[in-house]
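Take a walk through this fold, from its sheet to its cores. Begin with the model below.

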Amino acid sequence: MRLDYMGPFPEPVGFVLIPRFSMMAFFSAVEPLRIANRLAGRELYRWSLISEDGRPVTASNDMTLLVDCGLAEAPSLPTLAVCAGFEPERDLPRRLTQWLHRRASEGCLLGGIDTGPLLLAEMGLLNGHRLTLHWESLPAFRERFPTLEAVESLFEIDARRFTCAGGAAAMDMTLSMIAGRHGQALADDISEQLIHARLRPRQEHQRLPLAKRLGTHRRPLVDAVALMERHLEQPLSMTTVSERIGLSMRQLQRLFLDELGRRPRDYYLELRLDRARHLLEETDRDILSIGLACGFGSASSFSRAYRQQYGAPPSASRRPHGLSAPPANHGQ
């Protein structure tokens, strides 16, 4: 996995499994290594599974994996990937933090898969490094760590850190690292074995294009929703939206009703409330500031709209925070 690895083969790689880690993201990272060994006809890689205490770890899908060792017994490894998922440790074990800092000081290539970057950031191990993580977690992550450069790419790799958005992005990242170490031809062959039709580049966006997400190619609708998504904190009036996309108010109303089954004002409100829900779940910001960040002028107007949409007050979406937890639907 390290592009500057100069040691003997097989190259050792460690995966630190955090309780409730994403099984899909983990397998997406490790399976290309297994296939690389088979296609090369020799062991290019050998991986170790590590938990804090050496005990088996249960993933977010309730499957449990045996590990090779705990932190105390783990060998010195040139590459370590921290695999987390829906519920990363809220209270970071001091032992894990100290252990990872020691590995980083030894020059280990250290990375986070899925929500692993949340843990590394909390530990202060991503300072000065560009990173990525799942697109749903990005807004709250940027709020919590404003000095870190978090981008919406599939994966990021530099001389000492690597991060990916999870899911299939872990496969793209691992294939890219294999290509850099052993050549593009091997990475292409592995991709074919995985029926992974295309090796996606690092900078490709995580989300589907807006037209696909909306299920339409009607340009005025795509433009209107894109405009709304860019102005959640200071909502635009429907008159302004219609003027900017070149439609009358009546045409705008008909377009949204025909394509999305709701009025543009209602759809806009749903976008703002959805952003508020994620911030409530993932950050420690107070309810008023979240309401203001999502375009509501007061706590009462925010609470009223939130209760009407979700059947409960904003406070009901709060989670106990030691470390902010990501949304529940990361493909985990």
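Which strands does helix α1 lie across? Helix α1 (residues 23-40) lies across β1, β2 (45-51), β6 and β7 (109-113). Its direction is about 150° to β2. Axes are lines fitted to C-alpha atoms, for helices over the stretch in contact (heavy atoms within 4.5 Å). Angles run from 0 to 180 degrees between N-to-C directions. Helices (H or I, at least four residues) and strands (E, at least two) are DSSP runs, numbered from the N terminus.

This is a predicted model: local features need pLDDT of at least 70, side-chain atom pairs count only at pLDDT 80 or more, and totals for chains, interfaces and linings use all residues. Residues are numbered from 1 along each chain as its sequence is written, and side-chain values use heavy atoms, leaving out hydrogens and water.

Now the sheet. It is open, has seven strands and mixed pairing, and follows the order β5-β2-β1-β6-β7-β11-β10. β5 (69-70) and β10 (155-157) each have a single partner strand, so one side of each lacks a neighbour in the sheet. Pairing requires at least two bridges found by DSSP. β1 (residues 11-17) and β6 (residues 79-83) pair in the parallel sense over five bridges. There, F15 stands opposite A81 in β6.

T79 also lies in β6. T79 is buried (under 20% relative accessible area, 1.4 Å probe, protein chains only), at 0%.

The largest nonpolar core has 38 residues, and F15 and I113 are among those with the most contacts inside it. Such a core joins buried Ala, Val, Leu, Ile, Met, Phe, Trp, Tyr and Cys residues through side-chain atoms within 4.5 Å. α1 gives the most, eight residues.

Definitions and conventions. Buried < 20%, exposed > 50% of the residue type's maximum accessible area, 1.4 Å probe, protein only.
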